[in-house]
Every structure is written in structure tokens, then in C-alpha cells.
Amino acid sequence: QKAADTDKAKVLKIGAEMTFPPFEFQEEGNKEYVGFDMDLARAVAKQMGYTAEIQNIGFDGLIPALEAGNIDMIVSGMSITEERSKKIAFSKPYYKSGLSIVVKGDNNSVASFKDLEGKRIAVQIGTTGAEEARKIKDANVREYNSNSEAYMELKAGGVDAVVNDLPVNEYYLTKSGEKNAKIVGDIVNAEEYGMAVTKKNTELVEKVNKAIDELKKNGEYEKIYVKWFGK
Ligand code: ARG
């Protein structure tokens, strides 16, 4: 006898690009997707009565995947921008971020975004970092599919700097064991991360916003925050 469809847990398909620690990534020897976004996405799905099914998708493929109906929601450290808001619907912000620069430890010629003029810069394809880097005069911007590749290129000396979100740069410096690198300059562009769904799915945005509020109220958001960022 077949179980009735209504008995099955409803599945919410979530897409993320997994080289963005501590938001979404895979630890060595562990297939599971972990990070602040992953815990929050699972908690939000559960709060709405769904089971989260998470897929690893290239960052520049996330919006197309949403539009094609292959996923229901993006939770990928995606900054809420005007440009993206023309295509997709964002939830209320769930994390405050911004862009910063990483250079090698012995590089004393870069102290700000202005100093990146004419320099070689590695970024992840499709990100706000890529967009910001392209605005820099005469910069030679190289776009990589993953952030791991961008950092590797810096280490190898193929580029002078990586432009990426500050918390991810900080994680790279503290957790990767990379000694010969540093963050320089001020944060540019205060950005906020939002979960994203299709414009047609207004009902889901409302549910997600409500779930985020509830998780903030019941202490679950705080717990997840402390787990990944400390106090
Ligand atoms: N916050 C930046 C943006 O929205 C970078 C996000 C990259 N996320 C990722 N999972 N690789 O463009």
C-alpha cells in the first residue's frame, strides 16, 4: 500500500555554492554541507514544515537554477542588490557583510581599494566582489568558479589580491593556516545577505520572513550565530 502524498515530508530544494566558509562549505573527509547558512537554511525549512534538500551549484548558476525551477530557494551568502532584486525576490536580511581585500603578508603596496589600480585581482565569478573589482581603473580582474581557486592563485603569486566578503576572508586567514596573507583596507559596500526565491513565490518569501523572525525570537538564530562566529 502506498503512503499518501500528504504523509511525506515536504521537501524544500535549496541551492548554494560551497566554497564560502563559514557560510557554506564541505570539511575534508565529510560530504555534508556545513556552515552558518546551511544551519540557518535547515532551521528555516523546518520552521516552515519542510525538509531542506541542499544542492551545490556554481554561484553564477544559482539565479538561473531558481528561474528554471530546479531549486526553490537560494541560501548562499547572496548579497541583496538592486540588480538582483529585478529578477528574484529576497527575504529580509539575515546577515550584515561587506567586501574586503586580501594580499600576501609581505605586500606593502596595497592598503586600500584605490591601490588596486592596475593590479591583478582574483574574484569569484558572478559575485559583488567581481563587480566591485571591475570598477577599479586598469585592474586585471580574473574570475574563478570557486573562492578556493582565487585564494590559491594569490598564494601562487598569479594575482596581487583577492576581493571577497570580509567574513570569508577572515575565515581564510584564521582557519586555513595561511600565514603569509593579510586583510588590508576598509570594508567597501555594506552588504546584507538575503535568502532568495522567485518573484512569483510571494507566499514563500512571507513564510521565510516569518520563520526568520521566529528563529530570532526563540533563540535558535543566536545559537547558530554563536556556533559559527562566536560571541
Ligand atoms: N556576497 C557576495 C555576493 O552576493 C558573494 C557571495 C558568494 N557566495 C558563495 N556561496 N560563494 O555576490
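1. Domain layout. In this predicted model, the protein splits into domain 1 (11-94 + 194-229) and domain 2 (98-191). Domain 1 is written as two stretches, 11-94 and 194-229, while domain 2 is the single stretch 98-191. Where the two domains touch, domain 1 puts in 13 residues and domain 2 puts in 15 residues. Taken over C-alpha atoms, the domain centres are 25 Å apart.

2. Where the ligand goes. Both domain 1 and domain 2 supply residues to the shell around the ligand, so the ligand lies between them. As for the void it occupies, the ligand sits in the largest cavity.

3. Who lines the site. There are 15 residues around the ligand, and Glu17, Ser79, Arg84, Thr128 and Asp165 come nearest. By type, the shell breaks down into four nonpolar, seven polar and four charged residues.

4. Polar contacts to look at. On the nitrogen side, a ligand nitrogen atom is 2.8 Å from an N or O atom in the Ser76 side chain. Glu24 also has a polar side-chain atom 3.0 Å from a nitrogen atom of the ligand. For oxygen, go to Thr128: a polar backbone atom of this residue is 2.8 Å from an oxygen atom of the ligand. If you're checking the pose, note that Thr128 is also one of the residues that come nearest to the ligand.

5. Burial. How much of the ligand's accessible area does the protein cover? The ligand has 350 Å² of accessible area on its own, and the protein covers 100% of that.

Conventions: Residues numbered from 1 in each chain as written. Predicted model: local features only at pLDDT ≥ 70, side-chain atom pairs only at ≥ 80, totals over all residues. Heavy atoms only, no water. Near = heavy atom within 4 Å. Polar contact = N/O pair within 3.5 Å; in protein donor to acceptor, adjacent residues only side chain to side chain. Areas by Shrake-Rupley, 256 points an atom, 1.4 Å probe, with all protein chains shown as cover. 1 Å grid on protein atoms, 1.4 Å probe; cavity = no way out; pocket = protein on both sides within 12 Å on 5 of 7 lines; lining within 4 Å. Sits in = over half its atoms within 2 Å of the grid points. Nonpolar A, V, L, I, M, F, W, Y, C, P; charged D, E, K, R; others polar. Domains from an automatic or database assignment. Contact = heavy atoms within 4.5 Å.
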